[in-house]
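Visitor: I'd like to poke at some charged pairs and one helix. Can you walk me through them?

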Amino acid sequence: MDSLPRIALVGAMGIGKTTALRSLCGDKMVSSDVVNLDRASNAKEFTTVGTEFGEIDLGDGERVQVCGCPGQERFSFVRQWILSVSMGIFIMVDVNDSAAVQEATRLLQGVAALEQQPVVLILNARPAPAAVVDAFAAALTSAGHGVVPVLQADPRDRNQMLDAIGVLASMLSLQSEE
């Protein structure tokens with residue numbers, strides 16, 4: 001059996017990776033959430049400590065695997081492994097956060113270290129004015145990351161997440177034509 005295309009969700013703790021996976025896969029996902037013992041870093045009740053996994057049926061027999069990575073830096077080895085076996089990556093950020101450019105830069109550097117370069121999209125997971133999104137994208141370009149598409153997608157909204165996957169699929173299609 002051929003392996004399915006894999007998409008990774010990465011980002012800071014609490015950005016909505018597990019929520020995005022649940023909205024896409026429903027109960028048909030494997031979660032690695034445990035009680036959060038680091039409430040000083042993030043007040044959320046549960047946190048991801050391993051890889052989360054689900055599959056999405058895109059219709060017409062097309063399926064894709066989606067893997068969520070833990071956001072804490074102490075699990076960076078898990079994130080790097082998932083990135084290394086993914087063809088597409090969603091870096092989830094909140095562009096309203098003053099540290100969003102630094103967080104995205106750190107994750108983009110991890111992607112750049114991979115042997116094979118996957119397609120990368122930034123998903124802004126929180127509502128933001130267009131000017132803030134544009135300023136974030138310009139800051140990434142100025143930091144030397146080139147043009148990285150930045151999309152707005154609410155992790156709780158399955159249709160918005162499927163639209164983002166559609167954009168990623170289009171980018172992968174264009175890449176394969178080169």
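**Salt bridges and helix 2**

Guide: Sure, with one caveat up front: this is a predicted model. Let's begin with Arg106, which is partly exposed, its relative accessible area being 27%.

Visitor: Which residue does Arg106 form a salt bridge with, the closest N and O atoms being 2.7 Å apart?

Guide: Look within helix 3, residues 100–112. The partner sits three residues from Arg106, about one turn of the helix. With the closest N and O atoms at 2.7 Å, the pair falls inside the 4 Å cut-off. The partner is Glu103.

Visitor: Is Glu103 buried or exposed?

Guide: The cut-off for buried is under 20% relative accessible area. Glu103 comes in at 17%, so the label is buried.

Visitor: Which residues are linked with Glu103 and Arg106 in a network of salt bridges?

Guide: The search of the whole structure turns up six salt bridges. Glu103 and Arg106 belong to a network of them, and the other members are Glu73 and Arg79.

Visitor: How far apart are the closest N and O atoms in the salt bridge of Asp57 with Arg63?

Guide: Both ends are partly exposed: Asp57 has a relative accessible area of 47%, and Arg63 has 35%. The pair still makes the 4 Å cut-off. The closest N and O atoms are separated by 3.9 Å.

Visitor: And Arg156, buried or exposed?

Guide: Arg156 forms a salt bridge with Asp154, with 2.7 Å between the closest N and O atoms. Exposed needs over 50% relative accessible area. Arg156 reaches 64%, so the call is exposed.

Visitor: On to helix 2: why do its buried residues lie on the same side?

Guide: The buried set is Val78, Arg79, Ile82 and Leu83. They share a side because of the arc they cover around the axis, only 130°.

Visitor: Which residues are exposed on the other side of helix 2?

Guide: The buried residues have cover that includes strand 1 (6–11), strand 6 (62–68), strand 7 and helix 3. Over on the other side, the exposed ones are Phe77 and Trp81.

Visitor: Which residue has its backbone oxygen 2.7 Å from a polar atom of the side chain of Ser86?

Guide: Ser86 is in the loop between helix 2 (76–84) and strand 7 (88–93), and is buried at 9% relative accessible area. Leaving aside neighbours within four places in sequence, Ser86 is in contact with Arg6, Ile7, Ala8 and Pro118. The backbone oxygen you want, though, is one of a buried residue of helix 2. That residue is Ile82.

Terms used. Residues are numbered from 1 along each chain as its sequence is written. This is a predicted model: local features need pLDDT of at least 70, side-chain atom pairs count only at pLDDT 80 or more; totals for chains, interfaces and linings use all residues. Side-chain values use heavy atoms; hydrogens and water are left out. A salt bridge is a side-chain nitrogen of Lys or Arg within 4 Å of a carboxyl oxygen of Asp or Glu. Buried means under 20% relative accessible area, exposed over 50%, partly exposed in between (1.4 Å probe, protein chains only). Helices (H or I, at least four residues) and strands (E, at least two) are DSSP runs, numbered from the N terminus. A polar contact is a pair of N or O atoms within 3.5 Å; within protein, one must be able to donate a hydrogen and the other to accept it, and residues adjacent in sequence count only if both atoms are side-chain atoms. Contact means heavy atoms within 4.5 Å. The arc is that of the directions from the helix axis to the C-beta atoms.
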